[in-house]
Every structure is written in C-alpha cells, then in structure tokens.
Amino acid sequence: MNSAEQIARDVQSGSMSATSVLEMSLDAIRARNDELNVFLYVDEQGALEAASSIDARVARGEHVGPLAGVPVALKDNLCQDGIPTTCSSRILEGWRPPYNATVVDRLLAAGAVPVGKTNLDEFAMGSSTENSAFGPTRNPLNPSRVPGGSSGGSAAAVAADMTPLALGSDTGGSIRQPAALCGLVGMKPTYGLVSRYGLIAFASSLDQIGPLTKSVTDAAMLLEAIAGHDAMDSTSLPEPAPSLVAHVNDGVAGKRIGLVRELVDGADEDVVASVQRAVEALREAGATIVELSVPEFRLGLSAYYLIAPAEASSNLARFDGVRYGLRVNEGDVTAMMEATRTAGFGEEVKRRIMLGTYALSAGYFDAYYGQALKVRTLTIDAFARAYQQADLLLGATTPSVAFEFGSKTSNPMAMYLSDVFTIPSNLSGEPAISVPFGTGEAGLPTGVQLLGPGRSEAQLFAAARVLEIANG
Amino acid sequence: MSSPLRREDVAHVAKLARLTLSEAQLDLFTEQLGQVLEHANDMNALDLADVVPTAHPFGLVNVVRDDDVRPSLDHDKVMAMAPDAQDGRFAVPRILGEAP
C-alpha cells in the first residue's frame, strides 16, 4: 500500500478515488485478518460512506483535507460513535459509544477514512497483545512472534499493509514498543498535545494518543491532524497543532544528541549494535554525540508499576455493571458488582487493579504510591539536567526484537521489563519516537528511540527522518 | 528479601477492589505482586524526604468552561447501552438490606 502522503495527494488531485483506496485496504484485511487477528471490528459500511463522500467532494472541486481518502485503523480503546468499542475486554463486549473521541472527529475533518478497531492488550495493559480477551495478534513479519503491545493490533494493521495509518495509545511504551517490534515509526507525543477525550482511560497522567506508520512523514501528517487544544480535555495544552510536516527534512546538523547509557544497557547485542549504527548515522548528518548517564531512569520501572496500576485501579472502578457493558446478576448490588468485575476482567487487568489498590491502601500509600510520585519528580529533574547537555536523547526502544508467544506470560515482571526504556518519557510527559533502524535476531527489525523535551516533536521527526534515510 | 506481601493482604485488597479470587489465584497473586513490590524496594533505599511528589507531568490547574447551556449526550442513546433501565434511569439490584 502507498504512503498516506501519496494517497492523499492522489485523492486530492482526483487521480485515484478514495473508494478504490479503501477497496485495497479492505482486500488486505480480508486476506490476512483471520490469520493475524488484527481487527476486532471492520466498519465496511461506514468506511464506504466516508470514502464516497470524499470522492463526491473531490468531484465538486472542494477542499478535502490533508489525509483525504487515507484509511486509518483505530486502537479499540478509542471511542467511535455507534461502533463497538471493547478495550479487548469482556466487560465492554457489545458496547457502542454514544460519541466520537476528539481524535476521530479530527481524522474525519482531515478527510481520513476510519476502517475499524484493532486488537490490544486488555485495557492497554501489556506488551505483547497476548492479554486480549479476543485472542492474541500475530506479528505480520513473523507470525510466530508477538507484535508487541499494547497497540499490537494497530502496529500489525500498518505492518501488514491493511492501512497506511493507525492510532495507538502509549502509557508506558504501548505505541513505541509495538512500532519497534513491527518495523514501524511510532510516536508518543508530549502529554496534552493530543486530546484524550474519548480514549478509555488506563492511567490518566501517563496516557497519550499517537501515530503508528511506515514513514516519518506519514507520522508527522497524522499527528498534525489530531493534535491541538481541545476544550473537552482539561489536560489539553492550550495551543493549536504545531507545524510538523514542514520540518521533517530539517536534519540534525549542529544538534547535540545524548546517547544515554541507561537506555542501552541490558539490551540484546543486536539491538545495541543498531543503536551504535544510529549514532554513526546521526554523526555523519552533522550531529554531535554526547555520552550521558541518567541513573534515575533505572528507577522509572518501579515507579511506573505503582503509579500506572494505582491510576488504573481508580479509573477501572467505573466498570461495575451499572451503566454500560457486562452485568452479572447476583444478589444485592455489591454482589452484582463483584460478580460482574470478576467475570469481565482478565487476569492481567485484575493483577494491576490489585497492585494499584494495594499501593493506594491505608498503611501502604506513603511507602509505595507516595514514594513513586517522588521518584517521578527525580525522573523529570534528571531529564531537565540531560537536556542542558543535549538537544535530544538517544537509546534503544526495547531490549529485544519481537519475542515468541508465551515466552513472558508466566512471569509478569519479565513482561514489565519490556517497557524499561520507554517508561521514562511517560513519567516526564515528554515526547519520544521509535524509528526502525537495522535488523536483529531472525532478521527482525530493531527500533531506535529518540527522546526530546516537551513540545520537541518537530525536532524528533527531523532526527528520525535522518535515521530513516540512512536505514534505506 | 522475603515478599512484603501476605496472602491475607491480597484477600483484603481483592475485597476492596470488588474482585473474587480463587484459592489458586490468591496464591499466584501473592507471589507475583510480591515480586513487583520487591522490585519497588529499590526506591525505598533512597532518601526522598525533601523531594516534592509529582502526580501530574505539567501540574494540574482547574479548567472551567463558560457557564452556558450546551447539548449533552442524547439521553435515549446513552440509556440504550445500560444493562438494565427503568423509566429512563439505570436500574440496579437491591441496595439496602431487608427491613428488620
């Protein structure tokens, strides 16, 4: 499938119809969805109506938006009016949201064509998409491996050429890690840049919606379309969407890029080798490489696996069988709630709710949750010090290439360690991007991560583009 | 270091979280949650007495909108998704005990 950039240009000029682009997308989904389990729901009718409307507007000579006719996949924790939205959980099976997430409205306004909802780890809790109540997604590059998670379905949709664009959500790495494992570009934007209205909350102070694409330019186009202030999200940044596409080819000449030891140590040799080659590519493009150590990043994992479950235990209290989703009738209202939650939530979700409830409970609050919030401060301060020495930071996205199914499911701590390099940016609320660079074990792609201070998306895309060109 | 978490703690937390755990799940969660808390002990080794906690990356301030009337979600559409409804309201099983 062509890039979003190419498709939008062809549809805008009338040299290709949005309907024919959509047919290609739907054919690709039909061909591999049974094998890979990427889409939980395909909205063929709604997508055909959206595409026909774009074609009609092109025929009338109207302006059709920067993503005209581009099929896009939505992670199934994003609400679309009337379209089943499950979070890959039994507790929401059959639920149809009564409204659009802001990102969905903005995609439609930009001319994009939402084609369906993609699989995820239940409530975005996981790093392999093995925690879905509706079965795991397979990695299109090697179906015996995981696609990463939690946005594994969105990553697989793009990697399998089902759609050129997908949206995911990133709470501890859930866009960047699957992007790395599926050979894609994936960005977690600055906290507040993209409205979270209509994103079903996992950990509200960490969650952020972002793009998964094959190219850096496509990621910049998609982010530009969905970013900018939204009155419906009280944590939304005040300014309109920044100009991103225009800066993609700005390069890295004169930039200082910090290679962070803690974002490389512990990674497999193949991953480390790719980061080293990325260092050379950036240097050749005119950047100065500074070697840095940020020991606070090592504490991030501990803080994250208390803060995120604590927020989740609070957010997921709303799933109690009263207003929407599953209800298991049993005894009085409390018995009904307990029976509903016990039947509706999967094991990993229960584990996180338990962990969060414990960390917030009387007697343990200060020792665990309180301590984690202080470590969050240390992480933010450590980033600020690092950015005095470097404009951007560099490291690995994940410790390994895509792993085998079942290899980490019996040991939650081993699975959590998949997020060790991605978590610091969620704690600080700052942006980071994973860009495919090189290959590792079994010929699978390795991802390199670039991190920047708040609102540095344009610089991150420019540096990622340098690596994209060097990667060939 | 031994696990800081006891089986009865896990049972208590399950009750708070409105989850029913089987005996086998209680054992499993005691072990697994203990591992996560043990990992978190690296934080407890630090002296953080003077560090200000961060609950939110950029600090939260109250955001209020103008006090004007706007359409809200369609009532019937919202109620159509309710597991049980009566007279346009969410219906739930008995909340209070029987009268003595």
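In this predicted model, the sulfur of Cys87(A) lies 7.5 Å from the closest cysteine sulfur, which belongs to Cys79(A), and this is too far for a bond. A disulfide would need the two sulfur atoms within 2.5 Å, and over all chains the count of such pairs comes to zero. Seen from the other side, Cys79(A) is likewise in no disulfide, with the sulfur of Cys87(A) as its nearest cysteine sulfur. Both residues are tucked away from solvent in the sense used here: Cys79(A) is buried, with a relative accessible area of 1%, and Cys87(A) also counts as buried, at 1% relative accessibility.

Chain A, which carries this pair of cysteines, contains 15 helices and eleven strands. Its radius of gyration is 21 Å, close to the 23 Å given by the globule rule for 472 residues, so chain A is as compact as a globular protein of that length. Along the principal axes, the C-alpha trace of chain A spans about 65 × 55 × 45 Å. Of the 472 residues in the chain, 65% are buried. Contacts across the sequence are a marked feature of chain A: among those with a separation of 6 or more, 75% are accounted for by residues 24 or more positions apart. The accessible surface of chain A comes to about 14300 Å², and carbon and sulfur atoms contribute 50% of that area. As for charge, chain A has 35 positive and 52 negative side chains, and the centres of these two sets lie 3 Å apart.

Chain B offers another picture. Three helices and two strands are found in this chain, and they follow the pattern α-α-α-β-β when read along the sequence. The radius of gyration of chain B is 23 Å, well over the 13 Å that the globule rule gives for 100 residues, so chain B is more spread out than a compact globule. A box of roughly 55 × 45 × 30 Å, taken along the principal axes, holds the C-alpha atoms of chain B. Buried residues make up 29% of the 100 residues in chain B. Of the contacts in chain B between residues at least 6 apart in sequence, 40% join residues at least 24 apart. The accessible surface of chain B is about 7200 Å², with 54% belonging to carbon and sulfur atoms. Chain B has 9 positive and 17 negative side chains, with 8 Å between the centres of the two sets.

Turning to the backbone, a few places in chain A deserve a look. Most residues other than glycine have a negative phi, and most peptide bonds are trans. Against that background, a cis peptide bond joins Gly149(A) and Ser150(A), with omega at about 5°. Ser150(A) sits in the loop between β3 (113-118) and α5 (152-159) of chain A, and Ser150(A) is buried, with a relative accessible area of 0%. Beyond its neighbours within four places in sequence, Ser150(A) is in contact with a set of residues that includes Lys75(A), Asn119(A), Leu120(A), Asp121(A) and Ala124(A). Met125(A), Gly126(A), Thr129(A), Ser169(A) and Ser174(A) are also among the contacts of Ser150(A). By way of comparison, the C-alpha atoms of Ser150(A) and Ala4(A) are separated by 23 Å, with their positions 146 residues apart along the chain.

One of the contacts of Ser150(A), namely Ala124(A), has an unusual backbone angle of its own. Although Ala124(A) is not a glycine, its phi is positive, at about 70°. Ala124(A) is found in the loop between β3 and α5 of chain A, and Ala124(A) is buried, with a relative accessible area of 3%. A positive phi is also seen at Ala442(A), again not a glycine, with a value of about 60°. Ala442(A) is found in the loop between β10 (432-439) and β11 (445-451) of chain A. At 55% relative accessibility, Ala442(A) counts as exposed, whereas Ala124(A) is buried.

Notes
Residues are numbered from 1 along each chain as its sequence is written. Chains are lettered from A and ligands numbered from 1 in the order in which they are written. This is a predicted model: local features need pLDDT of at least 70, side-chain atom pairs count only at pLDDT 80 or more; totals for chains, interfaces and linings use all residues. Side-chain values use heavy atoms; hydrogens and water are left out. Helices (H or I, at least four residues) and strands (E, at least two) are DSSP runs, numbered from the N terminus. The radius of gyration is taken over C-alpha atoms; the globule rule is 2.2 Å times the number of residues to the power 0.38. Buried means under 20% relative accessible area, exposed over 50%, partly exposed in between (1.4 Å probe, protein chains only). Contact means heavy atoms within 4.5 Å. Accessible areas come from the Shrake-Rupley method with a 1.4 Å probe; for residues, only the protein chains shown count as cover. Lys and Arg count as positive and Asp and Glu as negative; His and the chain ends are not counted. The place of a charge is taken as NZ of Lys, CZ of Arg, CG of Asp or CD of Glu.
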